[in-house]
Amino acid sequence: MEFLLFCIIFVTAFVVAFKPHKQKLAHILLAISILLSLFIWLIATWGMLVPAGNL
């Protein structure tokens, strides 16, 4: 999952650096990478945020 995030960020940087006329695509990829990183963080910390409890 982190590798996918790294690839999306790399493609976003490539689009910004070499194809500035595709700025909308860069914004979409940036938003996807931010949402994906938040999703990864939520999965990693779910046990701390919602404890299992005594069932």
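Good morning. I begin with a definition: a residue is called buried under 20% relative accessible area, exposed over 50%, and partly exposed in between. By that rule L49, at 45% relative accessibility, counts as partly exposed. Please bear in mind throughout that the model is predicted.

Let me turn to the overall architecture. The protein chain has two helices and zero strands. Its radius of gyration is 16 Å, well over the 10 Å that the globule rule gives for 55 residues, so the chain is more spread out than a compact globule. Taken along the principal axes, the C-alpha atoms fill a box of roughly 55 × 20 × 10 Å. How much of the chain is buried? Buried residues account for 18% of the 55 residues. As for the accessible surface, the total is about 4700 Å², and carbon and sulfur atoms hold 78% of that area.

I now take helix α1, which covers residues 2–18. The structure holds one aromatic pair. The partners are F14 and F18, whose ring centres are 5.1 Å apart and whose planes meet at 45 degrees, so the pair is tilted. The reasoning rests on the cut-offs: planes under 30 degrees apart would count as stacked, and over 60 as edge-to-face. Why are the two residues separated by about one helical turn? F14 and F18 are four residues apart in helix α1, and that accounts for the one turn or so between them. Their exposure may be stated separately. F14, with 38% relative accessibility, counts as partly exposed, whereas F18 reaches 61% and counts as exposed.

Helix α1 also contains V15. Is V15 buried or exposed? Its relative accessible area is 6%, and V15 is therefore buried. The C-alpha atom of V15 lies 7.9 Å from that of L25, with the two positions 10 residues apart along the chain as a sequence separation.

Next comes helix α2, residues 23–49. A26 belongs to this helix, and at 7% relative accessibility A26 counts as buried. Which distance links A26 to A13? Their C-alpha atoms are separated by 7.8 Å, and the two residues are 13 apart along the chain.

S33 is a further member of helix α2. With a relative accessibility of 5%, S33 falls under the 20% limit and so counts as buried. What does the side chain of S33 reach? The partner is the backbone oxygen of L30, at 2.8 Å.

I return now to L49, with which I opened. L49 is found in helix α2, as is W41. Both residues contribute to a nonpolar surface patch of about 500 Å², together with L42, W46 and V50. How far is L49 from V11? Measuring nothing but the model coordinates, C-alpha to C-alpha, the separation is 32 Å, and the two residues are 38 apart in sequence.

To recapitulate, the chain has two helices and zero strands, and it is more spread out than a compact globule, because its radius of gyration of 16 Å is well over the 10 Å of the globule rule. Among the details I would recall are the tilted pair of F14 and F18, the buried S33 with its 5% relative accessibility, and the nonpolar patch that includes W41 and L49. Thank you for your attention.

Note on methods. Residues are numbered from 1 along each chain as its sequence is written. This is a predicted model: local features need pLDDT of at least 70, side-chain atom pairs count only at pLDDT 80 or more; totals for chains, interfaces and linings use all residues. Side-chain values use heavy atoms; hydrogens and water are left out. Rings of Phe, Tyr and Trp (its six-membered ring) pair if their centres lie within 6.5 Å; planes under 30 degrees apart count as stacked, over 60 as edge-to-face and the rest as tilted. Buried means under 20% relative accessible area, exposed over 50%, partly exposed in between (1.4 Å probe, protein chains only). The radius of gyration is taken over C-alpha atoms; the globule rule is 2.2 Å times the number of residues to the power 0.38. Accessible areas come from the Shrake-Rupley method with a 1.4 Å probe; for residues, only the protein chains shown count as cover. Patches are made of residues with over 30% relative accessible area and no salt bridge: like charges are joined within 9 Å, nonpolar side chains (Val, Leu, Ile, Met, Phe, Trp, Tyr) within 5 Å. A salt bridge is a side-chain nitrogen of Lys or Arg within 4 Å of a carboxyl oxygen of Asp or Glu. A polar contact is a pair of N or O atoms within 3.5 Å; within protein, one must be able to donate a hydrogen and the other to accept it, and residues adjacent in sequence count only if both atoms are side-chain atoms.
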